[in-house]
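Thanks for coming. I'll walk through one structure today, helix by helix and strand by strand, so please have the display open.

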Amino acid sequence: MMNSAPIIILAHGSRHPQADDVIDTLACAVAEQGDREVRAAHLDFSQDTLTSVAADLAEAGHTRAVVVPLLFTRAFHMRHDVPQALEGAQTATGLDLVLADGLGTEDDVAEVVARFAMASATRANGGNAPHVGRLALYSVGSSVRGANDTVADFTTVVGRKLSGMCARAGGSRTPVQARSFVATGPQAIEHEFHSFIDEHTIVQPLFVAPGTLWDKQRCRMPQRGWHSSHLGVALAPLVLTRADAATMPS
């Protein structure tokens, strides 16, 4: 059956020494939750390319697999690098690769990010529900027109969800002020990012795994508020949802 096909989670790849381990752990979480074989591949900075992983699956007797890109926007990597990698892997191995949607910025992703950010802040606040006034969502950024605006709109949705969580926890009913910031490009204005952070701010990186850009920023930004971390295994249910949608009979 199509829905028994292995899943390949396709990460961007990173020079960060812990990134590959986090992606592998995410693959294990998806496999456990979905009761199916899951492998991790990377577009760059790794020997585990999509072609090498597809070759392993083909050698094991599989004829098809579904590829879920671990990307939040339809920017350069999703539009160019992923299709090229997919075509190259299929040509080299003969494995039928079904491309699923990336993680994206839909409502289910906003829910996961909001819950993750709130849980991180609660832990940092000694297990007590924090009084959250602001959300600073930090992403890599993109030069593709509209991609950063998409993340900004997504951040607004995450902020609304955080507002609801705070109200239900008996905290402030004042809406959370949410703003997105990027690490690269002309919109990467660091002093605005730093000045936005106060003692009631959750700083949430929109990163699947640890990244060198986030590490550098953590060392420079004000030590105020609650600093969250990469999303990691929290994304496992989303990966399964994207894979199932791609393999659902039409």
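Let me start with a word I'll use often: buried means under 20% relative accessible area, exposed means over 50%, and partly exposed is in between, with a 1.4 Å probe and protein chains only. What you see is a predicted model, where local features need pLDDT of at least 70 and side-chain atom pairs count only at pLDDT 80 or more, while totals for chains, interfaces and linings use all residues. Residues are numbered from 1 along each chain as its sequence is written, and side-chain values use heavy atoms, with hydrogens and water left out. Helices (H or I, at least four residues) and strands (E, at least two) are DSSP runs, numbered from the N terminus.

With that in hand, take helix 2, residues 50–59. Which residues of helix 2 are buried? They are Leu50, Val53, Ala54 and Leu57. These residues cover an arc of only 100° around the axis, so they sit on the same side of helix 2. The arc is taken from the directions that run from the helix axis to the C-beta atoms. As a reminder, an α-helix has 3.6 residues a turn, so residues three or four places apart point the same way.

What covers those buried residues? The cover includes strand 1, strand 2, strand 3, strand 4 and helix 3, which spans 76–93. Contact here means heavy atoms within 4.5 Å. Helix 2 lies across strands 1, 2, 3 and 4, running at about 155° to strand 2. For angles, axes are lines fitted to C-alpha atoms, for helices over the stretch in contact, and the values run from 0 to 180 degrees between N-to-C directions. After helix 2 comes Gly61, with a positive phi near 105°.

Next, helix 2 against helix 3. Their axes come within 9 Å and cross at roughly 35°. The crossing is right-handed; that is, the near helix is turned clockwise from the far one by less than a right angle, and anticlockwise would be left-handed. On the helix 2 side the contact has Leu50, Thr51, Ala54, Ala55 and Ala58, and these meet Ala85, Leu86, Gly88, Ala89, Ala92 and Thr93 in helix 3. By class, that contact has eight nonpolar, three polar and no charged residues. The classes are: Ala, Val, Leu, Ile, Met, Phe, Trp, Tyr, Cys and Pro nonpolar; Asp, Glu, Lys and Arg charged; the others, Gly among them, polar.

Now the sheet under helix 2. Four strands form an open sheet in the order 2-1-3-4, with parallel pairing. Strand 2 (38–42) and strand 4 (96–99) are at the edges with a single partner strand each, so one side of each has no neighbour in the sheet. From one strand to the next the twist averages 30°. Two strands pair if DSSP finds at least two bridges between them; strand 1, residues 7–11, and strand 2 have five, in the parallel sense. Within that pair, Leu10 has Ala41 of strand 2 as its bridge partner, and Ile8 stands opposite Arg39.

Strand 2 is an edge strand, so is it enclosed or open? Four of its five residues are buried, so strand 2 is largely enclosed by the rest of the structure. Helix 1 also packs on this sheet, touching strand 1 and strand 2, at about 150° to the direction of strand 2.

Helix 1 (residues 19–34) has a second partner to mention: it packs with helix 8 (residues 236–247) at about 65°, with the axes 9 Å apart. That contact has seven nonpolar, two polar and no charged residues.

In the loop between strand 2 and helix 2 is Phe45. Phe45 is partly exposed, at 35% relative accessible area. Leaving aside neighbours within four places in sequence, Phe45 is in contact with His12, Gly13, Ser14 and Arg15.

Last, the other sheet. Four strands form an open sheet in the order 6-5-7-8, again with parallel pairing. The edges are strand 6 (177–182) and strand 8 (226–227). Strand 5, residues 134–139, pairs with strand 6 over six bridges, and Tyr138 has Phe181 as its bridge partner. Helix 4 (residues 107–124) lies across strands 5, 7 and 8.
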